[in-house]
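Grab a coffee and work through these exercises on one protein model. Try each task yourself before reading its solution.

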Amino acid sequence: MVITQSNINPAFHLAASTFHYQRRLLLLHNRFLLPRATAFRRLKLESAKVRAFSTDDTQPTDIKKLPSKPPICTADELHYVTVNNSAWRLALWRYNAVPQAPPRNHPLLLLSGVGTNAIGYDLSPGSSFARYMCGQGFDTWVLEVRGAGLSTQGSDCKDVEKSAHAISEKMETAAENMTSGALPADQQSTLAETATEKTEIAVIDKEPTGLATPWDESRLVTELTETFTRLSERLSGFLSESQSKIISAKFFDQMSKLLEDSFIFERFNEVRKKFLSSLETRQNSGVASQIRDLSQKIVDLIDEGQRSVSPQLFDLQERLATTVQDFEKQLDLIVKYDWDFDHYLEEDIPAAMEYIRAQTKPEDGRILAIGHSMGGILLYAMLSRYSSEGRDPGLAAIVTLASSLDYTSSKSSLKLLVPLADPAQALNVPVVPLGALLSAAYPLSSSPPYVLSWMNDLISAQDMMHPDLLKKLVLNNFCTIPAKLLLQLTTAFREGGLRDRKGTFFYKDHLNKSNVPVLALAGDRDLICPPEAVYETVKLFPEHLITYKLFGETDGPHYAHYDLVGGRLAVEQIYPCIIQFLNRHDSYQ
């Protein structure tokens with residue numbers, strides 16, 4: 001192993017802190033802003049199994065082309081690749097190698113962190129990781145995984161083009177609105193949906209507003225039936241069986257609180273037990289009929305209670321309907337953001353790599369790859385998975401920036417995500433709107449009274465990023481994160497490190513079998529992935545294949561999480577280090 005460092009002076013102290021302060025941030029925002037190496041063998045290129053669109057008119061005729069790329073995309077070309085058996089069109093930003101640069105043998109793939117898009121790799125002409133790499137002769141591609149950046153869902157080229165331009169316009173408008181102190185309506189909605197951790201409290205504590213509304217029994221039976229059926233069908237695919245039981249039980253807890261101290265409480269609990277039993281059963285026509293019958297029983301109980309004079313049951317049907325509707329909204333978000341880390345690993349990354357190889361045709365069929373944060377974690381996981389199966393990953397070499405498979409030994413601020421490992425939290429917080437939260441916080445971190453100025457240090461060390469670039473990064477680079485993704489990522493803070501969605505495959509376990517050269521970089525002031533977390537993964541590789549370097553000096557400069565990609569001194573210190581490594585492994589072997 002090769003280990004070099006500027007100076008080991010780690011200080012422990014972005015995204016996870018935002019989650020921890022979510023409710024505080026929202027209160028503040030409402031107050032201030034809202035009106036309310038080795039053994040390489042030749043790979044055989046197979047015919048591409050992915051469909052694609054492109055803005056480059058020089059592509060083969062079988063590749064559909066977008067007439068124009070949206071303004072937010074600063075790459076030379078914008079390509080779209082469709083994953084098999086998925087409606088997602090993944091955006092690939094392409095930066096063509098400059099003609100005067102030395103010729104290269106392999107294309108270069110860049111992978112971003114969790115909840116981020118391609119903009120972080122191309123903040124400005126003078127601070128662009130992607131432009132630097134293509135300037136060194138590498139045909140450079142930046143992948144935006146599903147749910148990130150310009151990746152979208154569309155049935156044809158026109159749909160994708162329309163969606164891409166709409167996303168671009170929304171991102172630019174959001175940045176402009178935040179500069180003027182106004183949060184866009186769609187972000188207000190996202191914040192509102194995810195801020196309420198206990199919707200049932202608002203329902204339970206609601207004071208009677210007058211005479212009860214007319215009792216629409218058939219409508220409520222239908223709504224309950226649909227809700228319970230979706231619980232059985234959807235959550236069984238979203239979470240494990242035990243986790244689905246927890247979330248199902250949580251919903252019935254909400255309903256139970258509506259009936260506490262009432263004479264129908266015990267009878268409701270009897271029906272509840274039968275319901276939970278039905279929801280555990282695989283869906284068929286018999287079970288569907290049973291669910292509807294049980295829905296009718298619950299409504300009959302509510303009806304009986306409604307006819308009583310008990311104060312606890314006053315306006316009960318309205319409160320029950322509200323509880324069901326609120327729960328439905330949570331389910332909608334869970335279903336909409338229905339992917340995890342393994343979807344990226346098993347579907348998005350392979351589709352992008354296959355497409356890039358088909359477009360660039362490297363002689364040995366390999367590519368080079370660089371991953372920042374979760375992007376590096378994906379590369380580590382890929383090496384482990386392929387090594388365990390005895391397969392070749394098709395990578396000539398990889399570089400990871402602030403990445404690890406195991407955070408247990410560090411004081412990473414991401415440990416604040418661990419509470420989300422409680423399956424019930426997936427219902428309370430089905431998504432984390434990281435982009436909306438950071439956009440809302442930005443005015444409070446960059447201008448008086450600087451209430452949230454501490455957030456800037458979590459992203460970039462002092463004086464390491466121009467204020468305008470930091471602003472662009474915060475307002476345009478972050479996206480919404482599914483709870484399903486976070487649930488899997490939190491396993492990196494448990495013994496054994498990150499594991500697959502089933503919890504049976506530990507991604508650390510097979511890195512010692514990898515034959516791909518690795519350069520792992522860490523920043524001395526990285527509070528999200530501290531140096532000791534980076535080293536926890538580095539030490540697992542064969543020594544002759546791993547190179548580790550820590551950036552940062554005792555008296556400065558210091559490197560935080562994003563400084564390794566877009567910091568002021570990255571072009572002088574980080575980029576040349578990476579190029580030197582890539583040069584050594586770009587030859588055919």
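The two exercises below use this predicted model, with one on a strand and one on a pair of helices.

**Exercise 1.** Work out whether strand β13 (residues 518-523) is buried or exposed, and find its neighbours.

*Solution.*
- Start with burial, where the cut-off is under 20% relative accessible area. Six of the six residues in β13 pass, so the strand is largely enclosed by the rest of the structure.
- Now split the strand by face. In a regular strand, side chains alternate between the two faces of the sheet. Here Val518, Ala520 and Ala522 are buried on one side, and Leu519, Leu521 and Gly523 are buried on the other.
- Next, look for partners. Strand β10 (residues 395-401) pairs with β13 in the parallel sense, over four bridges, and Val399 sits opposite Leu519.
- Strand β14 (residues 546-551) also pairs with β13 in the parallel sense, over six bridges. Tyr548 in β14 is the bridge partner of Ala520.
- Finally, trace the connection: the chain leaves β13, runs through helix α19 (residues 531-538) and reaches β14, making a right-handed β-α-β crossover.

**Exercise 2.** Describe how helix α12 (residues 341-360) packs with helix α13 (residues 374-389).

*Solution.*
- Get the geometry: the angle is about 85 degrees and the axes are 10 Å apart. Angles of 65 to 115 degrees count as roughly perpendicular, so α12 is roughly perpendicular to α13.
- List who touches whom. From α12, Phe341, Tyr344, Leu345, Glu346, Ile349 and Met353 meet Met374, Ile377, Leu378, Ala381, Met382 and Arg385 of α13.
- Sort that contact by residue type: 10 nonpolar, no polar and two charged.

How values were computed
Residues numbered from 1 in each chain as written. Predicted model: local features only at pLDDT ≥ 70, side-chain atom pairs only at ≥ 80, totals over all residues. Heavy atoms only, no water. Buried < 20%, exposed > 50% of the residue type's maximum accessible area, 1.4 Å probe, protein only. Helix = DSSP H or I, 4+ residues; strand = E, 2+ residues; numbered from the N terminus. Pairing = 2+ DSSP bridges. Right-handed = clockwise from strand over helix to strand, strands pointing away. Axes fitted to C-alpha atoms, helices over the stretch in contact; angles between N-to-C directions. Parallel < 35°, antiparallel > 145°, perpendicular 65-115°, else oblique. Contact = heavy atoms within 4.5 Å. Nonpolar A, V, L, I, M, F, W, Y, C, P; charged D, E, K, R; others polar.
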